[in-house]
Amino acid sequence: MKTTKSKRLFQKAVKLIPGGVNSPVRAFKQVGGTPIYFKSAGGSKFQDADGNTFVDFCMSWGPLILGHSRKEVVKAVQDAAAKGLSYGACHESELEFAELILSAFPGFERVRLVSSGTEAVMTALRIARGSTGRDLILKFEGGYHGHYDGMLVKAGSGLATQSIAESKGVPEAIASTTLLAPLDDAQAVSILFDEFRAKIAAVIIEPLPANNGLLVQHLQFLKLLRELTIKYGSLLIFDEVISGFRLKFGGYGQSLGITPDLITLGKIIGGGMPVGAIVGKAREMDLLAPAGSVYQAGTLSGNPVSVAAGIKTLKILKAESPYQKLDRMGKLFTDILARSGIHFARAVQAGSILWLYLDATEFPRRADRISLVAMERFKKIYWKLLEQGWYLPPSSYEVLFLSAAHQESEIERLAGAIIKELKKMKP
Ligand SMILES: Cc1ncc(COP(=O)(O)O)c(C=O)c1O
C-alpha cells in the first residue's frame with residue numbers, strides 16, 4: 001500500500017493544525033503511524049489521497065448508518081444548499097425535522113436543535129441544573145459525552161467523589177461539580193446518592209456505552225438509575241448521540257423500557273452533517289430561552305442544509321428499516337470469529353456496533369475491566385488490516401460501525417482477514 005501522499009499531507013498538517021488533526025483520535029496515535037487522508041467516499045468504501053480503496057468500518061464514527069454519500073441524502077443537501085446555506089432565522093423544514101424526531105420518541109414533546117453532540121449534552125446539563133436548582137452531575141467512568149468542561153473528568157482513587165480534570169484548562173471548580181462512578185456498579189451509585197442526595201441535578205449515561213469499548217450494561221443497573229433519580233428528584237439523561245437511531249428508529253432507552261427525562265442526540269440525525277438535539281418533555285424543555293430562563297443559542301442551529309440531510313436520513317431509516325439486516329451482519333461477524341477456533345477471536349456486538357475484543361475473558365461492563373492484552377492484540381493487527389484495504393477506527397477502544405451500504409461479503413472477508421492475522425499470533 002502506498003502512503004506517500006498521506007504522509008506528506010500529514011507532515012504539512014502538523015505545521016498548520018494542532019497535532020495535524022481537527023479531532024484527536026484521528027491522529028492514529030494509539031495504533032501508531034500517521035493518518036490516511038480521505039479523498040472521496042461512496043457506499044461502504046472510500047479512496048485515499050494515494051489512490052488506495054478501503055472498506056470503511058469507522059463510518060465517520062457513527063453518523064453514516066446509510067453509508068457514505070447516499071444519493072438521496074446528497075440530493076437533499078444540494079437542493080437545500082441552492083436555496084440558502086444559512087438563514088439564521090425560522091424556516092419550515094425545522095418543523096418537519098422536529099416532528100420526525102419526536103415521532104420516534106413517543107411521550108416526548110419538544111426538541112431543540114444544535115450543531116453537535118457536545119452542545120446537546122452541554123444544554124441538557126444546563127436544563128437539569130436550571131430545573132432542579134442543583135449543581136452536581138453524576139457521570140460514569142469511560143462514558144464520553146463530548147468535550148464540555150465538566151464532562152472531561154476522571155476518577156481519583158477508589159470511589160472518587162471529588163473529580164479531577166482529565167484535560168488541562170478545566171477549572172477545578174467545574175470539575176468538582178462532576179461525580180464519578182464506575183459503570184455496572186450499583187453500590188457505588190447508591191453510596192453517591194446516599195451522600196449527595198438533593199445536590200445531584202442529573203445522572204448522565206450512554207445507555208449503551210460505546211466510547212470506551214462497548215460496555216453493555218445490565219438492565220437492572222440502568223433501572224436502578226431511573227429509580228434513584230426519581231427518588232431523589234434528579235433528572236436522568238440518556239446520551240444517545242451514538243445509540244439514537246442506531247439500533248431502531250428511536251432510542252436505545254425504548255428497547256430497555258426505561259424513559260429518561262432528557263435525551264441527547266447527534267451523529268445519525270444529521271446524516272453526516274453537523275446536527276445535535278435535546279429531546280424532552282415540555283416541563284423541562286420549555287425552561288430553555290426564550291420560553292424560559294435557561295439560556296442556549298446557536299447561529300447555525302437548525303441550519304437548512306443540515307436539517308435537509310437529517311430529514312432525508314430519518315425518512316429513509318423509517319421507510320427502509322435496515323435494522324434487522326444490520327443486526328444480521330453484526331451476528332455474522334461474531335459467528336465467523338467464534339467458529340475460527342481461536343479462543344481470543346471475539347467481538348462484542350449490539351446491532352450494527354461491533355467492538356473487537358481479542359481476549360477469551362468475560363466481556364467487560366466497566367472501563368477498568370478492559371483487558372489490556374486484547375487492546376494490544378488489536379494494535380498489532382491494525383496496520384496489517386489497513387494494508388489489505390480494511391479501515392477500522394484507529395484505536396482499540398473504539399467501536400466499528402456497520403452501515404446499510406455494507407455487504408455480507410465484506411463482513412465475511414473482514415472477519416476472514418482478522419482470523420488470518422490472529423492465527424499468526426501467539427495465543
Ligand atoms: C455519546 C456521545 N456523546 C457526545 C458526543 C459528542 O458529540 P460531538 O462529537 O458531535 O460533539 C459523542 C461523540 O462521539 C458521543 O459519542
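Which residue is the bridge partner of D56 in strand 15? That partner is Y391, and the pair makes a handy way into this predicted model. Strand 15 belongs to an open sheet of four strands, and the protein around this sheet has 13 helices and 16 strands in its secondary structure. Below is a friendly tour, from the overall build to the two sheets and the ligand shell.

**Overall build**

- The protein has 427 residues and a radius of gyration of 21 Å, which agrees with the value near 22 Å for a compact globule of that length.
- Along the principal axes, the C-alpha atoms fill a box of roughly 55 × 55 × 45 Å.
- Buried residues make up 48% of the 427 in the protein.
- If we take the contacts between residues at least 6 apart in sequence, 73% of them join residues at least 24 apart.

**Two domains and where they touch**

- Domain 1 is made of two stretches, 4-65 and 322-423, while domain 2 covers 71-319.
- The centres of the two domains, taken over C-alpha atoms, are separated by 26 Å.
- Contact between the domains involves 21 residues of domain 1 and 25 residues of domain 2.
- On the side of domain 1 that touches domain 2, strand 13 (347-350) and strand 14 (353-356) are the elements that give two or more residues.
- That side of domain 1 divides into 14 nonpolar, four polar and three charged residues.

**The sheet of strands 13, 14 and 16**

- Here three strands form an open sheet in the order 13-14-16, with antiparallel pairing.
- Strand 13 and strand 16 (400-401) stand at the edges with a single partner strand each, so one side of each has no neighbour in the sheet.
- Strand 13 and strand 14 run antiparallel and are joined by four bridges.
- For a landmark in this pairing, look for A347, which stands opposite L356 in strand 14.

**The sheet of strands 1, 2, 3 and 15**

- Four strands make up this open sheet, in the order 1-2-3-15, and their pairing is mixed.
- Its edge strands are strand 1 (38-42) and strand 15 (390-391), each of which pairs on one side only.
- Strand 1 pairs with strand 2 (residues 45-48) in the antiparallel sense over four bridges, and G42 has K45 of strand 2 as its bridge partner.
- Strand 2 also runs antiparallel to strand 3 (residues 53-56), this time with three bridges; Q47 stands opposite T53 in strand 3.
- The hairpin of strand 2 and strand 3 has four residues between the strands, and G51 in this hairpin takes a positive phi near 90 degrees.
- Strand 3 and strand 15 run parallel and are joined by two bridges, which brings us back to D56 and its partner Y391 in strand 15.

**The ligand and its surroundings**

- There are 15 residues around the ligand, and S116, G117, T118, G146 and V241 come nearest.
- Helix 4 (residues 117-132) supplies the largest share of this shell, with three residues.
- By residue type, the shell around the ligand divides into five nonpolar, eight polar and two charged.

Terms used: Residues numbered from 1 in each chain as written. Predicted model: local features only at pLDDT ≥ 70, side-chain atom pairs only at ≥ 80, totals over all residues. Near = placed C-beta within 6 Å. Nonpolar A, V, L, I, M, F, W, Y, C, P; charged D, E, K, R; others polar. Rg over C-alpha atoms; globule rule 2.2 N^0.38 Å. Buried ≥ 20, exposed ≤ 12 C-beta atoms within 10 Å, placed from the backbone. Contact = placed C-beta atoms within 7 Å. Pairing = 2+ DSSP bridges. Domains from an automatic or database assignment.
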